[in-house]
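Biologist: Could you take me closely through one part of this model, the open sheet and what packs on it, and then set its surroundings beside it? I would like one connected account rather than a list.

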Amino acid sequence: MSMTTENLLVEIFVEELPPKALKKLGLAFATVLTDSLKAQGLAAADSLVSDYASPRRLAVHVVGVAAQAADKAVSQKLMPVAVGLDASGQATPALLKKLQALGAGPEAVSGLKKRMDGKAEALYFDSTVRGASLAEGLQKALLDAITKLPIPKVMSYQLERDCELPGWSTVSFVRPAHGLLALYGSAIVPVQALGLQAGNSTQGHRFEAAVSPVRIAHADDYAATLLRDGAVIASFDERSRAMVRALRIEAKRLGRRLEVEPPHLGDGEAEEVLLENALVQEVTGLVERPTVMVCNFDKEFLDVPQECLILTMKANQKYFPLFDDAGKLSNQFLIVSNINPADPSFVIGGNERVVRPRLADAKFFYDQDRKSSLESRVEGLSKVVYHNQLGTQGDRMQRVCQIAGAIAMRIGGKALADKAMLAGRLAKTDLLTDMVGEFPELQGIMGNYYAKHDRTRDDDSRDDRLDDEIANAISDHYHPRFAGDSLPTNDVGRALALADKLETLVGMFGIGSLPTGDKDPFALRRHALGVIRILMDERDLPLNLPSLLDDAVPAFGALIKDPRTALLDFIFDRLSGALREQGASAQEVDAVLALRPQLLAEVPKQLAAVRAFSALPESAALAAANKRIGNILKKSEAAQGLVDAALLQEDAEKALFVAMQTVVPQADVWFAAKDYTTSLQALAALRAPVDAFFDGVMVNAENPALKANRLALLQQLHSAMNRVADLSKLAA
């Protein structure tokens, strides 16, 4: 690379970018452009890169960029020697034509090199390729970055100047671009893109920039100059961090806390959690320099379930609700403004006026919904199509009730089954309410509130059966909704959650509507993981997967084909992936899941046992022996029956038999006590007799009785060794 290096800055100035995608766009722009410069030899592999992204700009700063890439020696294969040279060693027309295409004449023939290419010799043309200049390389890198930008939705617009047909020439980009800045140190790099010629100026804040345009004297001055003259914090991360700190300062001043700020975390940890919050990221994409202000709404709205108020403030207005230490919503909230006026009262007043009708709508929906009981809405489910092959929501409700009742019977008997079926009957009725119609994210949550209200009614629709278990189950049956989400809080909720997820899985698999690639419109992967998490909970539910599918499949009658085999494979595949994400090795997971454990609650303990066994010095030899035994037994049909001690002839097989009489019963006792670690460790004592057996005993003896007896011995050993996991999966 040339010794001349300087720092490079590139910025595209655009109209307001999509806020939810801004961070990703900024990182992608910087990464692709820099990678292209590195590939061309203009930037070092370890060059320091800074990405910038504000609502109206994407930019990148690269340290140590060369003005001219170093020339490169290139060796290009032309063709086999037999094709390029005739019998007398002269160039063939084919070779001359190839050289001409490379810009070389007949004189280059004498300089060609012969090298082996596989089994034949080939001709190679060695040349030196001039390194790209910065202007050439940056032009390519800029176009690469624009082309590969992960744009959520492309816009097309017409150029008004500096193009072939002003007013007609069309450009496509994420948003209309109005400026291009490219500085190499203090020099402008003459590149162009999107109908724009590069310069050394940009625009600052729409309303608060000190000067317009903002001129950047040097590539290294970009962020500081934009902040000073343009009132813009160019870095997405710096802007986000400044906003989070301001939010936390205001919240503390008011004696409140932010929703996503867990009270048990220290300042540094809480700040990091907030920085990853979706609302924080979105608002960072909406402002160029954040200013935090405090607003209020009428306390009367606090009578509405706080989830409704929180959702409307966050989703519709991008406000930050405030809470007391007990997690109860306050009537104060924080806004992040893009302007910083001397008198903020107009901004505060405007936001308070805007949020009031939103909250009033939520209160109206809540009041209207409570005029009708959940039970009165059950009939309406039969008028809502669920799936054209699986019927209505009413049909689905009946299946869920049947499955939930069967599962609850397994867990706690008839009383629990009655509760689970009642909860299942009402679980989807809040889909017909105004509140859930406006805010689908509240399904289940509102059902919980309305069920508790129905229990306290003073009219004929009062339902004293709706205790807290049933009300909570209505909201809990959607859980877990995502990784890390809470699980159902009671057995009614657990039975109903399993029933709801299994109904979806069995139904969709039964009609052949399976996930493909990254497409999973019915969230079957999520439902499978939800079933797994509930069954792996530490409450020792007496439930196994095959029995659950036996409960679920009959609910569909003749509507579906039996999907049990395919669905079990799907669930175990999801389980395998989940366990690996939690840190288990592929070998450990394969060893445990090869046995298709029916009680998933035992899987973590089995994994821990396998991990502890793998650390023993005897594990490798026993795993290899187990694999060998498995291969022997696969090839034999005479491996059943008891071992006849009288037929044991060799000392090694006698020693193994005696050792097994001591070790296996001990391992079985620990296995029955669910101490899988100790059970596997007990088997380590068999290593020496197992090794001696394979060294000194011929399994496939000519005597059929001896052979059958030895195979039976190996079969018993194989069964004893593979109760916790298939140890052969641990063999290298």
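Modeller: In this predicted model, strand 1, residues 5-14, and strand 9, residues 177-184, run in the antiparallel sense and are paired over 7 bridges. Within strand 1, F13 stands opposite G179 of strand 9. These two strands belong to an open sheet of 5 strands, whose order is 2-3-1-9-10 and whose pairing is antiparallel. The sheet ends at strand 2 (49-54) and at strand 10 (187-188), the edge strands, each of which pairs on one side only. Helix 1, made of residues 22-39, packs on this sheet, where it touches strand 1, strand 2 and strand 3 (57-66), and its direction makes an angle of about 25° with that of strand 3. Since angles under 35 degrees count as roughly parallel, helix 1 and strand 3, at about 25°, can be called roughly parallel. Helix 4, residues 134-147, lies across strand 1, strand 3 and strand 9, and it runs at about 40° to strand 1.

Another strand pairing involves strand 7, residues 155-158, and strand 8, which pair in the antiparallel sense over 4 bridges. Here S156 stands opposite S172 in strand 8. In a regular strand the side chains alternate between the two faces of the sheet. Strand 8, residues 170-173, follows that alternation, with V171 and F173 pointing to one face and buried, while T170 and S172 point to the other face and are not buried.

Turning from strands to a helix pair, the axes of helix 6 (residues 236-253) and helix 7 (residues 267-275) come within 10 Å of each other and cross at roughly 120°. Helix 6 and helix 7 are therefore oblique to each other, and their crossing is right-handed. On the side of helix 6, the contact is made by S240, R241, V244, R245, R248 and K252, which meet D267, A270, E271, E272, L274 and L275 of helix 7. By class, the residues of this contact between helix 6 and helix 7 divide into 4 nonpolar, 1 polar and 7 charged.

The loop that leads from helix 5 (222-230) to helix 6 holds A231, a residue other than glycine whose phi nevertheless has a positive value, near 55°. A231 has a relative accessible area of 4% and is therefore buried, because buried means under 20%. A positive phi also occurs at K674, again in a residue other than glycine, with a value near 65°. K674 lies in the loop between helix 23 (651-672) and helix 24 (676-682). Its relative accessibility is 39%, so K674 counts as partly exposed, a class that lies between the limits of 20% and 50%.

Two loops, finally, deserve a look for their peptide bonds. S212 and P213 are joined by a cis peptide bond, with omega at about -5°, and P213 lies in the loop between strand 13 (201-202) and strand 14 (214-215). H479 and P480 are likewise joined by a cis peptide bond, with omega at about -10°, and P480 is found in the loop between helix 15 (468-476) and helix 16 (491-510).

Terms used:
Residues numbered from 1 in each chain as written. Predicted model: local features only at pLDDT ≥ 70, side-chain atom pairs only at ≥ 80, totals over all residues. Heavy atoms only, no water. Pairing = 2+ DSSP bridges. Contact = heavy atoms within 4.5 Å. Axes fitted to C-alpha atoms, helices over the stretch in contact; angles between N-to-C directions. Parallel < 35°, antiparallel > 145°, perpendicular 65-115°, else oblique. Left-handed = near helix turned anticlockwise from the far one by under 90°. Nonpolar A, V, L, I, M, F, W, Y, C, P; charged D, E, K, R; others polar. Buried < 20%, exposed > 50% of the residue type's maximum accessible area, 1.4 Å probe, protein only.
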